[in-house]
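Colleague: Before I use this model, I should like to understand the terms applied to it. Could you take me through them?

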Amino acid sequence: MTKLKIKKYGDPVLRKRAEAISEINEGIKKLASDMLETMYSAPGVGLAAPQVGVSLRLCVIDVDPNKKSPVVMINPEIISGENKITAEEGCLSFPGFYGNVNRFEKIIAGYTGLNGNRQEMKAQNFLAKVVQHEIDHLDAKLFIDYLPDWKRNSIEKKIKRKKKAGDW
Ligand code: NI
C-alpha cells in the first residue's frame with residue numbers, strides 16, 4: 001500500500017464532479033487500498049478519491065476506533081434520508097477547520113462494493129454524517145458550502161493567509 005498526498009482546499013480537483021467507475025479493475029482496487037492507508041494514517045474517518053487527486057466516484061470510510069470496519073463505496077448514492085440534524089464536522093482537505101453542518105440523521109445509501117455487488121447501507125448519526133460528507137465530495141461539494149457566509153468567508157480568509165505563509 002502507498003500513502004497518498006491529500007489535496008487541500010484550493011486544489012481544483014476538489015471542485016470537479018467525479019466520474020462514475022465502469023469497471024473494478026486492479027487499479028481501482030489499489031486506489032481503494034491506498035486511500036484506506038492514507039485515511040488511517042491522517043488520521044481520518046472518511047476519504048473521497050478527489051481528495052487524493054483522482055476524479056472518480058469512490059470513497060472509503062471507517063468510523064470504528066479500532067480501524068476494523070473499512071467500507072469501500074464505489075458509485076455511491078443517497079437513496080433516502082430522514083430527520084435533519086446539525087453537527088460539527090471537519091475535512092482532511094481543511095486541516096484545523098470545523099463547522100456545523102445540517103444533514104440527515106438517518107440514511108440509506110446504495111453503492112457497489114469491491115466485489116462488484118450493488119448493496120445498501122443503513123446508517124445513522126456519525127456514520128450517516130460521514131457517508132453524506134464523502135458523497136458530497138464526489139459531487140464537488142464541500143462542507144464549507146453549508147456554512148453561513150460569515151463563517152465560510154472567515155475560513156477562506158484564514159486559508160488565504162496560511163497559503164501566503166506557505167503553511168497550506
Ligand atoms: Ni472531506
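The exchange below sets computed values against the definitions behind them.

Modeller: This is a predicted model, in which local features need pLDDT of at least 70 and side-chain atom pairs count only at pLDDT 80 or more, while totals for chains, interfaces and linings use all residues. Residues are numbered from 1 along each chain as its sequence is written, and side-chain values use heavy atoms, with hydrogens and water left out.

Colleague: What makes Cys91, His133 and His137 donors of the nickel ion?

Modeller: A donor is an N, O or S atom within 2.8 Å of the metal (3.2 Å for Na, K and Ca); water is not among the atoms, so sites may look incomplete. Cys91 (SG), His133 (NE2) and His137 (NE2) lie 2.1 to 2.2 Å from the nickel ion and are its protein donors. Their spacing in sequence is C-x41-H-x3-H. Cys91 is in the loop between E3 and strand E4 (99–112) and His137 is in helix H2 (residues 125–138), so this pair ties together parts 46 residues apart in sequence. Helices (H or I, at least four residues) and strands (E, at least two) are DSSP runs, numbered from the N terminus.

Colleague: Why is His133 called buried or exposed?

Modeller: Buried means under 20% relative accessible area, exposed over 50%, and partly exposed in between (1.4 Å probe, protein chains only). His133 has 5% relative accessibility and therefore counts as buried. Cys91 and His137 are both buried as well. His133 lies in helix H2. Leaving aside neighbours within four places in sequence, His133 is in contact (heavy atoms within 4.5 Å) with Glu89, Gly90, Cys91, Arg103 and Phe143.

Colleague: How do you know that Asp136 and Arg103 form a salt bridge?

Modeller: A salt bridge requires a side-chain nitrogen of Lys or Arg within 4 Å of a carboxyl oxygen of Asp or Glu. For Asp136 and Arg103 the closest N and O atoms are 2.9 Å apart, and the pair forms a salt bridge. Asp136 belongs to helix H2 and Arg103 to strand E4, so the pair ties together parts that are 33 residues apart in sequence. Asp136, with a relative accessible area of 12%, is therefore buried, and Arg103, at 5%, also counts as buried.

Colleague: How many salt bridges does the structure hold, and what makes Arg17 and Asp139 one such pair?

Modeller: The structure holds 11 salt bridges. In the bridge of Arg17 with Asp139, the closest N and O atoms are 2.6 Å apart. This pair links distant parts of the chain, with Arg17 in the segment before H1 and Asp139 in the loop between H2 and helix H3 (149–164), 122 residues apart. Arg17 has 54% relative accessibility and so counts as exposed, whereas Asp139, at 32%, is partly exposed.

Colleague: Why is Lys162 called buried, exposed or partly exposed?

Modeller: Its relative accessible area is 28%, and Lys162 is therefore partly exposed. Its salt-bridge partner is Asp167, at 3.4 Å from N to O. Asp167, with a relative accessible area of 48%, is partly exposed.

Colleague: What makes the link between Asn75 and Ile21 a polar contact?

Modeller: A polar contact is a pair of N or O atoms within 3.5 Å; within protein, one must be able to donate a hydrogen and the other to accept it, and residues adjacent in sequence count only if both atoms are side-chain atoms. Here the backbone nitrogen of Ile21 lies 2.8 Å from a polar atom of the Asn75 side chain. Asn75 is found in strand E3 (residues 71–89) and, at 18% relative accessibility, counts as buried.
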